[in-house]
Amino acid sequence: QVQVVESGGGLVQAGGSLRLSCTASGLTFDDYAMGWFRQAAGKEREGVSCISRDGVKYYPSFVKGRFTISQDNAKNTMYLQMNSLKPADTAMYYCAAVPARYLLSLASSNYNYWGQGTQVTVSS
């Protein structure tokens, strides 16, 4: 059974940093592309970063330069380092996986497996 579990969310002041983790089990990590998404209250889910198995990364403009995605294949874990956080970054953050090694996509419909989410709240 495939599972992805997020951790690392919390409350932080504007300008601060958080590192989210996503640990995957029940899958061959090397066969999956991964992504981070978020959903704020009353808004649609949006992609914030993705990474293919060969290490190619993509960021939308609203997080570029502030967020960094990375992975540790030995630990089946993906990370999202978030710096210079803004109140607008407040959302539930989700990790997602898809069995497509070279996929690089921020379309949530492309992902098969989702975690339960971890809340990030940025105070002003």
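# Checking the labels on this predicted model

User: Cysteine 22 and cysteine 95 form a disulfide. What makes that pair qualify?

Analyst: Their sulfur atoms sit 1.8 Å apart, and a disulfide is a pair of cysteine sulfur atoms within 2.5 Å, so the label applies. The structure holds one disulfide. Bear in mind that this is a predicted model: local features need pLDDT of at least 70 and side-chain atom pairs count only at pLDDT 80 or more, while totals for chains, interfaces and linings use all residues. Side-chain values use heavy atoms, with hydrogens and water left out, and residues are numbered from 1 along each chain as its sequence is written.

User: Why is the disulfide of cysteine 22 and cysteine 95 called left-handed?

Analyst: The torsion about its S-S bond is about -55 degrees, so it gets that name.

User: Where along the chain do cysteine 22 and cysteine 95 sit?

Analyst: Cysteine 22 is in strand S3 (residues 18-25) and cysteine 95 in strand S9 (residues 91-98), so the link spans distant parts of the chain, 73 residues apart. Strands here are DSSP runs of E with at least two residues, helices are runs of H or I with at least four, and both are numbered from the N terminus.

User: Why are cysteine 22 and cysteine 95 called buried?

Analyst: Buried means under 20% relative accessible area, exposed means over 50%, and partly exposed is in between (1.4 Å probe, protein chains only). Cysteine 22 comes out at 0%, and cysteine 95 also has 0%, so both pass.

User: And why does cysteine 50 have no bond to cysteine 95?

Analyst: The closest cysteine sulfur to that of cysteine 50 is the one in cysteine 95, and it is 12 Å away, so that's too far for a bond. Cysteine 50 still counts as buried, because its relative accessibility is 0%.

User: What makes the pair of tyrosine 32 and tyrosine 113 tilted?

Analyst: By the ring rule there are four aromatic pairs. Tyrosine 32 and tyrosine 113 are one of them, at 6.2 Å centre to centre with 50 degrees between the planes. Rings of Phe, Tyr and Trp (its six-membered ring) pair if their centres lie within 6.5 Å; planes under 30 degrees apart are stacked, over 60 edge-to-face, and the rest tilted. So the distance makes it a pair and the angle makes it tilted. Tyrosine 32 is buried, at 10%, whereas tyrosine 113 counts as partly exposed, at 30%.

User: Why is the pair of phenylalanine 37 and tyrosine 111 edge-to-face?

Analyst: The ring centres of phenylalanine 37 and tyrosine 111 are 5.2 Å apart and the planes stand at 75 degrees, so edge-to-face it is. Phenylalanine 37 lies in strand S4 and tyrosine 111 in the loop between S9 and S10, so the pair ties together parts 74 residues apart in sequence. Both residues are buried, and ring pairs link Phe37, Tyr111 and Trp114 into a cluster.

User: How do you know how the chain's radius of gyration compares with that of a compact globule?

Analyst: The radius is taken over C-alpha atoms, and the globule rule is 2.2 Å times the number of residues to the power 0.38. With 124 residues that gives a value near 14 Å; the protein chain has 13 Å, so the two agree. The C-alpha atoms fill a box of roughly 40 × 30 × 25 Å along the principal axes, and buried residues make up 42% of the 124.

User: How many helices and strands are there in the protein chain?

Analyst: Zero helices and eleven strands.
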